[in-house]
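Here is a brief report on one protein chain. Look over the sequence and the fold before reading on.

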Amino acid sequence: MTDSHESRGAVPSRQRTRFPGISSRAYEHPADRSALVALRKLSGFDTVFKALSGLLPERSLRLLFLSDSVRVSDAQFAHLNDMLRDACYILDLEKVPPMYVNQDPRPNAMCIGLDEPIIVVTTGLVELLDEEEMRAVIGHEVGHALSGHAVYRTILLFLTNLALKVAWIPLGNVAIMAIVTALREWFRKSELSADRAGLLAGQDIQASMRGLMKIAGGNHLHEMNVDAFLAQADEYEKAGDLRDSVLKILNVLPRSHPFTTVRAAELKKWSETREYQRIMDGHYPRRDEDKDTSVTDSFKESASHYADSVRNSKDPLMKLVGDIAGGAGDLGGKLRDKFTGGGAGGAKGGATDGSTGTEGPEDSQGPRTEGS
């Protein structure tokens, strides 16, 4: 499926704003860009990337999906084919990626490939979402393609499988897992960018919210409420103490996707910004301007985003970091007091009640269900 806009004459099924020549910079989350820069700076990443680029079985992947999945076309899953064309038309992706439906009850979607991206959606996702919700998901995957995320996603899949196979080798797995961890950190941020692309493609924030709720709680919309779902994200961010903040970090490390409530809250927040409205009004960065983009400006934007995130966060750990940055005290002492229960009247070097306060659940990793 390699037709261009001219040959297919795509027209959205309802009136939506189109973004000719839009650059992925228009919707990329600042954390996505900074995490990718950090990934590329990771020791050994360039070597691994260059080696894997020539070794990854991309042709094998394509043959696998061609032979054991259903390729979307005018003859098969035609409604999905229309949505794919619409998304590519709206985001001005010239070459429509091949898309496959794979038999899997788990709702998921991915965009992979080194030379050219391919999109895969599972039957679980197709059966779960309505048309407008599915448009957002397909737009999400087209956003990955437009941003060039497919290459790193493919390497992440390969390295994750490799890490399982060489886990018995002393030290050999350490280097691989370091890169896998960095890739996961970047990919979680890239999901926030792709969610924005999905909103630009579907242009229906309620459909985007519904889709995320269904991925979290299944096909029971009559039992769910968007405001209550977003309230969960707020409660998750500000709940507990420093120990809970650490557990949040440990819970998210094995995941390739951010938690669903967090994604919903981030997307809702972005949909209400002036930045989103300017894109909808036709004021956005163009691809032909990408070559003139300042790397320094991108760094500054990412740094400013993180500074604002720390300053405005309700998470106990982030609030403490903000206090330290503001000169409220020394980090080590405050962390010790928070974790041990010590304070101004406590004994030096330890807690007053003899409890370390550092014990937690034996397994801090929660459910690892992941959606598109």
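The report below goes from the whole chain to the sheet and then to the cores.

## Overall make-up

The model is predicted. DSSP runs give the chain 17 helices and four strands. Of the 372 residues, 44% are buried.

The chain exposes about 18,900 Å². Carbon and sulfur atoms supply 54% of that area. Among contacts with a separation of 6 or more, 76% link residues 24 or more positions apart.

## The sheet

The four strands form an open sheet with mixed pairing. Their order is β1-β2-β4-β3. The edges belong to β1 (70-71) and β3 (109-112). Each has a single partner strand, so one side of each is left without a neighbour in the sheet.

β3 and β4 (residues 118-122) run antiparallel and are joined by four bridges. In this pair, I112 of β3 stands opposite I118 in β4. Helix α7 (residues 131-147) packs on the sheet. The helix touches β2 (99-102), β3 and β4. The direction of α7 makes about 20 degrees with that of β3.

## Nonpolar cores

The largest nonpolar core has 48 residues. Those with the most contacts inside this core are F19, L80, V121, M134, I138, V142 and L200.

What does L80 contact, once its neighbours within four places in sequence are left aside? The partners are V72, M99, V101, V126, M134 and I138. Two of these, M134 and I138, also appear among the residues with the most contacts in the core.

Another core lies apart from the largest one. This second core has nine residues, among them I155, L156, W186 and F187.

Conventions:
Residues are numbered from 1 along each chain as its sequence is written. This is a predicted model: local features need pLDDT of at least 70, side-chain atom pairs count only at pLDDT 80 or more; totals for chains, interfaces and linings use all residues. Side-chain values use heavy atoms; hydrogens and water are left out. Two strands pair if DSSP finds at least two bridges between them. Helices (H or I, at least four residues) and strands (E, at least two) are DSSP runs, numbered from the N terminus. Contact means heavy atoms within 4.5 Å. Axes are lines fitted to C-alpha atoms, for helices over the stretch in contact, and angles run from 0 to 180 degrees between N-to-C directions. A nonpolar core is a set of buried Ala, Val, Leu, Ile, Met, Phe, Trp, Tyr and Cys residues joined through side-chain atoms within 4.5 Å. Buried means under 20% relative accessible area, exposed over 50%, partly exposed in between (1.4 Å probe, protein chains only). Accessible areas come from the Shrake-Rupley method with a 1.4 Å probe; for residues, only the protein chains shown count as cover.
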